[in-house]
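Open the model in your viewer and keep the selection panel at hand. The tour goes from one selection to the next.

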Amino acid sequence: MCLQVVILVALVGVIIGASVAIGFAVLRTSPDDAIPSVGANVASSSGGQDLLMIAERIVTSCSETKLNEDMTECQQLCHANMCCFESGEYNCENDESKNCAAHAGCEALVDGGVVGGSETIEE
């Protein structure tokens with residue numbers, strides 16, 4: 001019982017510490033350090049970091065919760081790279097300029113499942 005309490009307190013401490021660190025990072029971020037736009041040229045020396053930030057933005061915008069609320073941002077971020085999920089001759093997955101790996105979160109738009117609801121069959 002005592003060990004469980006210690007583990008719980010440690011876990012809460014880690015969560016609070018992480019929250020404070022994220023808060024500092026957000027407050028210290030200047031507009032010049034903003035997340036690059038999806039269409040931005042990521043061929044710079046920090047291209048990998050830019051791609052990671054784009055991927056994180058897409059994953060957040062295309063999460064099931066966000067898609068249930070409003071899928072506009074996800075659609076805007078993914079529009080130019082939907083060919084990554086096409087089949088046949090229209091697939092651009094091997095085109096390195098499309099950065100399909102960074103846009104993997106866009107697949108949520110083409111999964112075909114019902115988002116946040118149940119499918120009803122009308123007869």
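Select helix 2 together with helix 3 (64-69) and helix 4 (72-78): these two are among what covers the buried residues of helix 2. The model is predicted. Now show helix 2 alone, residues 47-61. Its 15 residues reach 21 Å from the first C-alpha to the last, close to the 21 Å expected at 1.5 Å a residue.

Which residues of helix 2 are buried? Colour Gly47, Asp50, Met53, Ile54, Ala55, Ile58 and Ser61. Look at the spacing in that list. An α-helix has 3.6 residues a turn, so residues three or four places apart point the same way.

Stay on helix 2 and pick Leu51. Is Leu51 buried or exposed? Neither: Leu51 counts as partly exposed because its relative accessibility is 22%, and the cut-off for buried is under 20%. Next, draw a distance from Leu51 to Asn99. The two are 48 residues apart along the chain, yet their C-alpha atoms are separated by 7.9 Å.

**The core**

Select Ile54, Ile58, Cys62, Leu67, Cys74, Leu77, Cys78 and Cys106. These eight residues make up the largest nonpolar core. Helix 2 and helix 4 are the elements that give two or more residues to this core. Helix 4 gives the most, with three residues.

Centre on Cys74, a member of that core. What does Cys74 touch, leaving aside its neighbours within four places in sequence? Show Ser61, Cys62, Leu67 and Leu109: Cys74 is in contact with each of them. Of these, Ser61 is also on the buried list of helix 2, while Cys62 and Leu67 belong to the core.

**The surface**

Move to helix 1, residues 2-28, and pick Leu8. Leu8 counts as exposed because its relative accessibility is 52%, and the cut-off for exposed is over 50%. Now extend the selection to Val12, Ile16, Val20 and Phe24. With Leu8 they form a nonpolar patch on the surface. Together the five have about 480 Å² of accessible area.

**The whole chain**

Zoom out and colour by secondary structure. There are four helices and zero strands, in the pattern α-α-α-α along the sequence. Switch to a surface view. The protein exposes about 9300 Å², and carbon and sulfur atoms supply 57% of it. Buried residues make up 20% of the 123 residues.

Finish with a contact map. Among contacts with a separation of 6 or more, 41% come from residues 24 or more positions apart.

Note on methods. Residues numbered from 1 in each chain as written. Predicted model: local features only at pLDDT ≥ 70, side-chain atom pairs only at ≥ 80, totals over all residues. Heavy atoms only, no water. Expected span 1.5 Å × (residues − 1). Buried < 20%, exposed > 50% of the residue type's maximum accessible area, 1.4 Å probe, protein only. Contact = heavy atoms within 4.5 Å. Core = buried A, V, L, I, M, F, W, Y, C linked by side-chain atoms within 4.5 Å. Areas by Shrake-Rupley, 256 points an atom, 1.4 Å probe, with all protein chains shown as cover. Patch = residues over 30% accessible without salt bridge, like charges linked within 9 Å, V, L, I, M, F, W, Y side chains within 5 Å. Salt bridge = Lys/Arg side-chain N within 4 Å of Asp/Glu carboxyl O.
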